[in-house]
Amino acid sequence: MSGPRSTPPVIVKICGISTPETLEASLGAGADMIGFNFFPKSPRAVSLEAGSALAGRVAGRAEIVALTVDMGDDEIAAIVAAVRPDWLQLHGKEPPERVAALQDRFGLGVLKAIGIRGPDDLAEVAAHAGVADRLLLDAKAPAGAALPGGNGRVFDWSLLDGLDPALPYMLSGGLDAGNVAEAIARTGTRGVDVSSGVETAPGVKDAALIEAFIAAARSGADSVPASSGEGTTT
Ligand SMILES: O=C(O)c1ccccc1N[C@@H]1O[C@H](COP(=O)(O)O)[C@@H](O)[C@H]1O
């Protein structure tokens, strides 16, 4: 994206946008990051052509995130060429070495998703801290789930109590307008990400739900003290 943007106290990402109408609703309501989903099995998946057209409307108004799951270099290169994202969201089992390799190859920010269900999952957080540009702490998908994310499940936020407050991370997993302010207040997160919580059916985003989510996140953000570092948009 071009030019500096002001720094919101809590970054809001709307993920899985697939129509111009819900894109405009997200941007109009002040979304900081817009995610386009390139995981073919997802009900939110967009084609390269659709993603490119939607991303063209975003330029300069928010950051663009391309969501992939254990994708190979050639496919990612095609997405990067078509969509010109600011960030790659890696929502699979990509190890830290893969994160670093993609940073080197594409020169983009990497938002690495880590599924959280219990205390053992924090080892994965530690392994990626200092490698990924930002972490996305999401509810771990149940065994056998078709999707590694986007399942509308909340995890136990108290698992994050011992995290280093300086860790650059965003929170996701079952967030919606009714719980996002509490999630921000409870965790002190500097960023939130939502997909199914702003939908009326899988893959069907709703403008009113998006607007309500962003408004609720902004109200929750008032409970978070000013940041010295993370929270800055790139
Ligand atoms: O949304 C999807 O379909 C999806 C598919 C594969 C990987 C990740 C996916 N979504 C991401 O998961 C988080 C949490 O989703 P939800 O809000 O609980 O529905 C979402 O913000 C996306 O970044």
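**Legends to close-up views of the ligand site**

**View 1. Residues around the ligand in the predicted model.** The ligand is surrounded by 25 residues. S42, R44, G174, D193 and S196 are the closest of these. By residue class, the shell around the ligand comprises seven nonpolar, 13 polar and five charged residues. The model shown is a predicted one.

**View 2. Polar contacts of ligand oxygen atoms with S42, G152 and G174.** At S42 the contact involves the side chain, in which an N or O atom is 2.6 Å from an oxygen atom of the ligand. At G152 the partner is a polar backbone atom, 3.0 Å from a ligand oxygen atom. The backbone also provides the contact at G174, where an N or O atom lies 2.9 Å from an oxygen atom of the ligand. The ligand taken alone exposes 500 Å², and the protein buries 99% of this area.

**View 3. The cavity and the strands that contribute to the shell.** The largest cavity is the space taken by the ligand. Strand 1 (11–15), strand 6 (134–139) and strand 8 (191–194) are the elements that each give two or more residues to the shell around the ligand.

**View 4. The annotated span, residues 12–215.** In an unreviewed entry, UniProt lists residues 12–215 as "domain: N-(5'phosphoribosyl) anthranilate isomerase (PRAI)". Helix accounts for 32% of the span and strand for 22%. The C-alpha atoms at the ends of residues 12–215 are 10 Å apart.

Note on methods. Residues are numbered from 1 along each chain as its sequence is written. This is a predicted model: local features need pLDDT of at least 70, side-chain atom pairs count only at pLDDT 80 or more; totals for chains, interfaces and linings use all residues. Side-chain values use heavy atoms; hydrogens and water are left out. A residue is near a molecule or strand if one of its heavy atoms lies within 4 Å of it. A polar contact is a pair of N or O atoms within 3.5 Å; within protein, one must be able to donate a hydrogen and the other to accept it, and residues adjacent in sequence count only if both atoms are side-chain atoms. Accessible areas come from the Shrake-Rupley method with a 1.4 Å probe; for residues, only the protein chains shown count as cover. On a 1 Å grid over the protein atoms alone, a cavity is a set of points where a 1.4 Å probe fits but cannot get out, and a pocket is an open set with protein on both sides within 12 Å along at least five of seven lines; lining residues have an atom within 4 Å of a point. A molecule sits in a cavity or pocket if more than half of its atoms lie within 2 Å of its grid points. Helices (H or I, at least four residues) and strands (E, at least two) are DSSP runs, numbered from the N terminus. Ala, Val, Leu, Ile, Met, Phe, Trp, Tyr, Cys and Pro count as nonpolar, Asp, Glu, Lys and Arg as charged, and the others, Gly among them, as polar. UniProt positions are given in the numbering used here, feature names are shortened, and annotations may be inferred rather than shown by experiment.
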